[in-house]
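Please read the following explanation with the sequence and the structure side by side, and follow each step in the model as it is described.

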Amino acid sequence: MTNDELDKFAASLRGAVIRAGSPEYDEARKLYNAMIDKRPLLIARCADVSDVIACVNFGRDSKLPIAVRGGGHNGPGLGSVDDGLVIDLSQMTGVRVDAKGKTARVGPGCTTGDVDHATHAFGMAVPFGIISTTGVAGLTLSGGHGYLSRQYGLAVDNLIEADVVLSDGSFVTTSETENPELLWALRGGGGNFGIVTSFVFRLSPAKVLYGGPIVFEISEAAEVMRWYRSFQATAPDDFYIFLGLQSVPATDPFPREHWNKRMCVLLVAHNGEGAEAAVNAIRGQLPKPIIDWAAPIPYPALQAMFDPFYPKGMQWYWKGDFVKTLPDAAIAAHIEHAVAGNEFSCMHLYPIDGQVQRKRQDESAWSTRDATWSMVIVGVHPEPSEAAAIKNWATGYWQAVHPYNLAGAYPNFMMADEGEARVRASFGNNYARLAALKQKFDPHNLFHVNQNIRPAA
């Protein structure tokens, strides 16, 4: 590829093109997960849909591997690619709320915090994740679960329209009445089918919740987990609790006597009538906590609660599973391995029952409608010297608890080295249909830097 060809490509875009060797290159290529170091040939920061189309055509015709970066929060580093083209959508961050129609049109570079900020003024929200720096595009396309999922479903269950640039450079809109097969695939099939340049989400009421952490000594973890198992079986949809095994952060405002202490935490989020009374009722059923900060809290503040503890640039290695039951033997294995983690690492169980389970398996690409939780084991540390240790810890932990879990996992909780069998297991009976749609919309697998679904033969 000649400099003239690169110059011509760069001149055709409204956004900036950053090349290897440019002064801003090293900063621009940094990933959320500092364990992964990739060196793309070009990073194209798209300003609009026209730029995205030009990038797809240039990358395809130049036979460059293509990676797509939205909010840039991807754990396995799939928002970049060595010696290829990164199509960076991070500048496309518009949000337009239709308060009357109760929808929001969202740009592909938005974070969930961007959307929360725009929708909160209207007392509404989209059921996204638990960290506000997470990119909307990556979270949504692989499913998207969070504090409101039991009440309103997954992010993909609330995705009602999308604009997409396909691998041939064409632009299409998809909804339940226009190109509905593509919308079905986008609802959980990841970035396999095209580049989404605009999302339209259904909004639901969420203004001030009753939520926050209730923290217990790790010695109480088995009792708390058994209680949690029973609670989850009959919990009302508007009462969400995720469970974590981790350490008390060594920073204010946490009490100094508990800094770095291993803990079992219940992160509660009630978005309904009688919220305080409902939380008080469970307080009476549990051991005495060492910290209890559950209280009325604006939804965007709840979403941003974990942001300071997991900034960009740390070392990450995570493993996930879908979990249907939590037997005593699994609880024992969790506690045994969790206590061996460092002060930054954790395990979370996120509920994906309630409204999530009331969809049929074949209603969207996300097929796991019978699991109770989505589990993630997160090995994390700020120091590169700890990369091997956190990988070994997360892998060993996962190997110990995986026999009690389902075969697949939330694709956003999988690293890039897990293999095709895990991808197939995560999509279950929907995989064959997804492969057929991949053949239709991306027959040459241009969009393969992802948890890849190969085109059907």
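What follows goes from a sheet and its helices to the aromatic side chains, and then to a single histidine.

The coordinates come from a predicted model, and the values below should be read with that in mind. A good place to begin is an open sheet of four strands, which are arranged in the order β1-β2-β4-β3 with mixed pairing. The edges of this sheet are taken by β1 (17-19) and β3 (66-69), and because each of these has a single partner strand, one side of each is left without a neighbour in the sheet. On average, and with direction ignored, neighbouring strands here are turned by 20 degrees against each other.

Strands of a sheet pair through backbone hydrogen bonds, in either a parallel or an antiparallel sense. For β3 and β4 (residues 85-88) the sense is parallel, and the pairing extends over four bridges; within it, A67 has V86 of β4 as its bridge partner.

Two helices lie across these strands. Helix α1, which spans residues 3-11, lies across β1, β2 (42-45) and β4, and runs at about 150 degrees to β1. Helix α3, formed by residues 49-61, lies across β2, β3 and β4, with a direction at about 170 degrees to β4.

We turn next to the aromatic side chains. The structure holds 21 aromatic pairs, and one of them joins F322 and W366 in an edge-to-face arrangement, with 5.4 Å from centre to centre and 65 degrees between the planes. Since F322 belongs to strand β17 (residues 315-323) while W366 lies in the loop between β18 (346-351) and β19 (373-381), the pair ties together parts that are 44 residues apart in sequence. Are the two partners buried or exposed? F322 counts as buried because its relative accessibility is 2%, and W366 is likewise buried, with a relative accessible area of 3%.

Tryptophan rings also lie beneath charged side chains: K319 is over the face of W398, at 4.2 Å from the ring centre, and R433 is over the face of W184, at 3.8 Å from the ring centre.

The last stop is H270, a residue of strand β14 (residues 262-270). With a relative accessible area of 3%, H270 is buried, and its side chain reaches the backbone nitrogen of G272 at 3.2 Å. Leaving aside residues up to four places away in sequence, H270 touches L209, Y210, D238, F239, A275 and A278.

Methods: Residues numbered from 1 in each chain as written. Predicted model: local features only at pLDDT ≥ 70, side-chain atom pairs only at ≥ 80, totals over all residues. Heavy atoms only, no water. Phe/Tyr/Trp six-rings, centres within 6.5 Å; stacked < 30°, edge-to-face > 60°. Buried < 20%, exposed > 50% of the residue type's maximum accessible area, 1.4 Å probe, protein only. Lys NZ or Arg CZ within 6 Å of the ring centre and 35° of its normal. Pairing = 2+ DSSP bridges. Axes fitted to C-alpha atoms, helices over the stretch in contact; angles between N-to-C directions. Contact = heavy atoms within 4.5 Å. Polar contact = N/O pair within 3.5 Å; in protein donor to acceptor, adjacent residues only side chain to side chain.
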